[in-house]
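Trainee: Hey, got a minute to walk me through this one? I'd like to start with how the helices pack and then get to the partners.

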Number of protein chains: 2
Amino acid sequence: MAVSIKDVARAAGVSPATVSRTLGGGAVSAALRDKVEDAVRRTGYRPNLSARRLRSQHSQTVGLIVADISNPFFTAVARAVEHAAYAAGLRVILCNTDENPEKEAMYLQLMEQERVTGVIFAPTRASVERLDRGGRPPYPMVLIDRAGRASGQDAVVLDNFAAGSMLVEHLLGQGYRRIAGLFGNASTTGIERRDGYEAAMRRAGLAPAAHFAAPSIEAAEQEIARWFARGTLPEALIASNGLLLMGAVRALRAAGRRMPEDLAVAGFDNESWTDLIGPGITVIEQPVAQIGAEAMRLLLERLAAPEAPVRKIVLGGRCVIRGSTAPRPVNEAAE
Amino acid sequence: MAVSIKDVARAAGVSPATVSRTLGGGAVSAALRDKVEDAVRRTGYRPNLSARRLRSQHSQTVGLIVADISNPFFTAVARAVEHAAYAAGLRVILCNTDENPEKEAMYLQLMEQERVTGVIFAPTRASVERLDRGGRPPYPMVLIDRAGRASGQDAVVLDNFAAGSMLVEHLLGQGYRRIAGLFGNASTTGIERRDGYEAAMRRAGLAPAAHFAAPSIEAAEQEIARWFARGTLPEALIASNGLLLMGAVRALRAAGRRMPEDLAVAGFDNESWTDLIGPGITVIEQPVAQIGAEAMRLLLERLAAPEAPVRKIVLGGRCVIRGSTAPRPVNEAAE
DNA sequence: GCCTGAAGCGAAAACGTTTTCAGTTTTTCC
DNA sequence: GGAAAAACTGAAAACGTTTTCGCTTCAGGC
């Protein structure tokens, strides 16, 4: 049996209350404080956090629920959240949902059972809809990356619409016309980027061609491989996140095609490999660290002011231009 | 105030004990069970896990402490651990130490305060030494990836020595002689791979040239850039993990050099970008999912049999050969 | 020297569960 | 039909803390 606060109290010749006050920074005379601290050392006492949380009614814990921790975007955000939490003296429970709405619901419920202080959540479309229908959790929550309309919730997101348009406009400027898009089908983010893509295409008088795939390398690779098999290749491709982008690049390589000659490629998420592959890949860089940090800030401020108006922070993406979208040679355009 | 088991009991017209038994699968008549389940639904009751843990004295929680969650190796292991834990009805607290021994100590202590069921831990060298000096934690612990000698601890590791040798032998077979190694300085893993590398070099009658760097992309890139600056380039390079490998590749690209003509490159961790860069990079693939799953299995078995003998599971790496270690042209060897 | 207020301390209650214990009812077995 | 065993139930204790509530002591102001 582990040593409890009573054992420490006995060892120090004081009451448990005094030990608790010493540890918690209450009013204790220097003499007793010394005795207690000595007793803590001698006994090797470790507070029981479950008991502490039960009695004090606050958990000092936040939940971070993401879709796929093997997606570098989310690991980067998670790191930032962890750092901010660490600085604020909070613990983080990291939950991975595999884009599975059932696991999401399970974890949201678990957070409730843990009586967490708050939750930072990257929801699937299914969960966003549930939130829109008014299913409010009993704890403060900040949405990240994917907020959709999600009315009554604090959120930190990229300006996805603008980013989607930005890539189109860049490609148009480089001389490409037949630009296809491949978007993730699990999140509102994919939808918004698609909307931005289509709007920009229409503005240019071009017909958009949006496709959807599950947000995984494999799904994207298979989808693009099908395009090759059918021989229906556009001039340029926009991939709406790092996994899809990776899948597209794999398909290209498997088919022995080159960027940008056979297919110009642009995508999202400035992952470390994107400037090493072939001529480098043009991407929208998301401020990942800032997303995590801002989410934590929003959560802390929400805790301080529960009734303050809802805030949605929209961050801009930065377009990093590389060789995969080099200007289209004029002679080829004549083919 | 949240609804407690007493509220449910009142709503159902039974005692709290009966509610608890209903929820916990105890012996309860069908009639009361129905009433309780109905009351649970009506009241929206959610068990308080802190209270449950405090009373029942088991937390159903394992800690996973890794050095760097943004290292894809650890994210892959973490995913596997999370899956296994989910299947076993356990929760996972994920901790990121940034290879910082102080954060490690802090988290190990936190795990104690959480009264976790067990811990899966990828320690830095500092922590391995502390363990070797006999500093045993009060919970079952399984080391992963980095165990060193760490005598009395269950562990799941790669056969690092063999893997280090394997890369050297492959490079020798391809005609390379001046083979340098860049190893991570934070973990015992780096040391063991270095040992394997040096042993294989010596067996071939060659002088080893082992270098160390912090396990980050930036540190490796700077180190290799220095080699270029000094003009002291070997024929081939072995990088002892995915981050160092990425750094080396970046330095190569920055210097405008090519694999394998200017420098043959082999490394560890079969990350998704390694077969897309240039001619593809030869790597030792670690069975990441298996490492996570085996670690969880060891932990569960340790819980079932606390006094069973210590086990160390050593897994073999698979050498994936790609263009970055293509055979060395004979004419160049004559230079 | 007395009163007031604050500081320091311990006893005991409280947090929300599970589990023990004892009592009652039901079932089973002869 | 009766006794023994099993099944069911509620009261109360327990888990390890924090916090409330008094009580005592001490300092300061008059």
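**Helices, chains and DNA**

Mentor: Sure. In this predicted model, helix H8 (residues 160-173) and helix H9 (residues 188-203), both of chain A, have axes that come within 7 Å and cross at roughly 45 degrees.

Trainee: What do we call that angle between H8(A) and H9(A): oblique or not oblique?

Mentor: Oblique, because angles from 65 to 115 degrees count as roughly perpendicular and those under 35 as roughly parallel, and 45 fits neither. So H8(A) is oblique to H9(A).

Trainee: And is the crossing left-handed or right-handed?

Mentor: Right-handed, as H8(A) passes H9(A).

Trainee: Which residues make the contact?

Mentor: From H8(A), they include Phe161(A), Ala163(A), Val168(A) and Glu169(A). H9(A) brings, among others, Glu192(A), Arg193(A), Tyr197(A) and Met201(A).

Trainee: How do the residues of that contact divide?

Mentor: Into 8 nonpolar, 5 polar and 5 charged.

Trainee: OK, switching to the chains. How many residues does each one put into the contact between A and B?

Mentor: Chain A gives 31 residues and chain B gives 31 residues.

Trainee: Which elements of chain A give two or more of those?

Mentor: There are helices H4 (49-56), H5 (72-87), H6 (101-113) and H11 (242-254), plus strand S2 (91-96).

Trainee: And what sort of residues are on that side of chain A?

Mentor: The side of chain A that touches chain B has 15 nonpolar, 7 polar and 9 charged residues.

Trainee: Now the DNA. What surrounds strand C?

Mentor: 30 residues do, and the closest are Ala27(A), Arg55(A), Ile5(B), Ser20(B) and Arg55(B).

Trainee: Which helix gives the most there?

Mentor: H2(B), with 6 residues. Chain A also takes part: H2 (16-24), H3 (30-43) and H4 of that chain each give two or more residues to the surface near DNA strand C. That surface divides into 17 nonpolar, 8 polar and 5 charged residues.

Trainee: What about DNA strand D, which residues come nearest?

Mentor: Of the 29 residues around DNA strand D, the nearest are Ile5(A), Ser20(A), Arg55(A), Ser15(B) and Arg55(B).

Trainee: And where does the largest share of the surface near DNA strand D come from?

Mentor: From H2(A), which supplies 6 residues. H1 (5-12) and H4 of chain A, along with H2 and H4 of chain B, each supply at least two.

Trainee: Last one: how do the residues near strand D divide?

Mentor: 16 are nonpolar, 8 polar and 5 charged.

Key
Residues are numbered from 1 along each chain as its sequence is written. Chains are lettered from A and ligands numbered from 1 in the order in which they are written. This is a predicted model: local features need pLDDT of at least 70, side-chain atom pairs count only at pLDDT 80 or more; totals for chains, interfaces and linings use all residues. Axes are lines fitted to C-alpha atoms, for helices over the stretch in contact, and angles run from 0 to 180 degrees between N-to-C directions. Helices (H or I, at least four residues) and strands (E, at least two) are DSSP runs, numbered from the N terminus. Angles under 35 degrees count as roughly parallel, over 145 as roughly antiparallel, 65 to 115 as roughly perpendicular and the rest as oblique. A crossing is left-handed if the near helix is turned anticlockwise from the far one by less than a right angle, and right-handed if clockwise. Two residues are in contact if their C-beta atoms, placed from the backbone, lie within 7 Å. Ala, Val, Leu, Ile, Met, Phe, Trp, Tyr, Cys and Pro count as nonpolar, Asp, Glu, Lys and Arg as charged, and the others, Gly among them, as polar. A residue is near a molecule or strand if its C-beta atom, placed from the backbone, lies within 6 Å of it.
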